[in-house]
Amino acid sequence: MNIKWAKRLKLKQLKLLILLAENGNLSETARQANMTQPALSRWLKELEEDTGHELFARHARGLTPTAAGNILIAHARRILIEAERTQQDLDDTARGDSRTLLIGMSPAAAPHFVPTAAMRFLQANPKVYLEIQEGTMDHLVGRLKQGLLDLVVGRLDNYEPDSELQSEQLYLDPIRIVARMHHPLTQKSALKWADLEPYEWIIWPSGTPIRSRLDNALTAAGRRAPVYRIQSTSQVANLWLLQYSDMLSVASKGVAEHFHRRGLLTELNLPLDTADGAVGMVWREQAQPDTLLHQFIGCCRTAVRTIGADAGPLSFQAV
């Protein structure tokens, strides 16, 4: 396969390809790129001839990327992101600093697990920096594939294997129905679904792993969906709303136990007849091993031993 064209592409040309996709218009792209439209048209035609694929469909309204075009554009975005990350690492090294590792986590891993792994990692790497981003798994995995994150830790319930990614399950994490401490339903030793009908819910949006688990539990019990008064991806907001209302919600077992130990939430005694979900890690397939990333992965594996024990804060010396 002839890929000499790939060797001739420069970062500036990758940016031009992305700009053309965003504008969908030759004249506007040429104007923004400070070049003539004929020169841009000629460059695109040569690129399509070199790749052997039509990259843009021409129509009266402008240009639309073809399937092949979308593949090349996606790779161009990743290459540019990696180039920017590389430059940042080089700048950090010039200042005497080390890399910044970018970690994504879903709320299931946020209260205790990822922070525990992070503290262990920082102890072993005093000059390495961490940037931790919280979000839903679909959003985080998308950023991971774009090169905007190095690792994602969260629920793998809805995760589908991807040829570009590696994944590893860390621990099982079933879901629980939760409410504020001293909620009226805590007075009953055993609950039925009918007991929950008078109450409204704070719930995660449709498509998130924990929402899917609840939907499956309701289906298995032959129940209709309750009143989802609030849909929210903010664990902090959900916690506040639960504490100051009689609304109900669901949380992973680890999260529920974490907040129960702090007197903030309690689990309701209503088993959910669904298979256990799992928390795990996802990272990009790498041609060359990333030593720092694999150190953090190792810290995550070690942190599994603290699940359910809440070992408390680690001793940490800031540097």
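In which strand is the place of Ser 249? Ser 249 lies in strand 10, residues 249-252; helices (H or I, at least four residues) and strands (E, at least two) are DSSP runs numbered from the N terminus. The model is predicted, so local features need pLDDT of at least 70 and side-chain atom pairs count only at pLDDT 80 or more, whereas totals for chains, interfaces and linings use all residues. Residues are numbered from 1 along each chain as its sequence is written, and side-chain values use heavy atoms, with hydrogens and water left out.

**Surroundings of Ser 249**

Ser 249 counts as buried because its relative accessibility is 2%; buried means under 20% relative accessible area, exposed over 50%, and partly exposed in between (1.4 Å probe, protein chains only). A polar atom of the Ser 249 side chain lies 2.7 Å from the backbone oxygen of Ile 202. Neighbours within four places in sequence aside, Ser 249 is in contact with Arg 176, Ile 177, Val 178, Trp 201, Ile 202 and Leu 242, where contact means heavy atoms within 4.5 Å.

**Helix 6 and the nonpolar cores**

Helix 6 (residues 113-124) has twelve residues and spans 17 Å from its first C-alpha to its last, close to the 16 Å expected at 1.5 Å a residue; the expected span is 1.5 Å times one less than the number of residues. Its buried residues are Phe 113, Val 114, Thr 116, Ala 117, Ala 118 and Phe 121. Among the elements covering them are strand 3 (100-105), strand 5 (151-155) and helix 12 (291-303).

A nonpolar core is a set of buried Ala, Val, Leu, Ile, Met, Phe, Trp, Tyr and Cys residues joined through side-chain atoms within 4.5 Å. The largest one has 26 residues, and Phe 113, Leu 151, Val 153, Met 281, Phe 296 and Cys 300 have the most contacts inside it. Strand 3, helix 6, strand 5, strand 6, strand 12 (278-284) and helix 12 each supply at least two residues of this core. Helix 12 gives the largest share, seven residues. A second, separate core of 21 residues includes Tyr 199, Leu 218, Tyr 228 and Leu 248.

**Cysteines**

The structure holds zero disulfides, a disulfide being a pair of cysteine sulfur atoms within 2.5 Å. Two cysteines are compared below.

| Cysteine | Closest cysteine sulfur | Relative accessibility |
|---|---|---|
| Cys 299 | Cys 300, 7.2 Å | 13%, buried |
| Cys 300 | Cys 299, 7.2 Å | 0%, buried |

The sulfur of Cys 299 forms no bond with that of Cys 300 because 7.2 Å is too far.

Notes: Polar contact = N/O pair within 3.5 Å; in protein donor to acceptor, adjacent residues only side chain to side chain.
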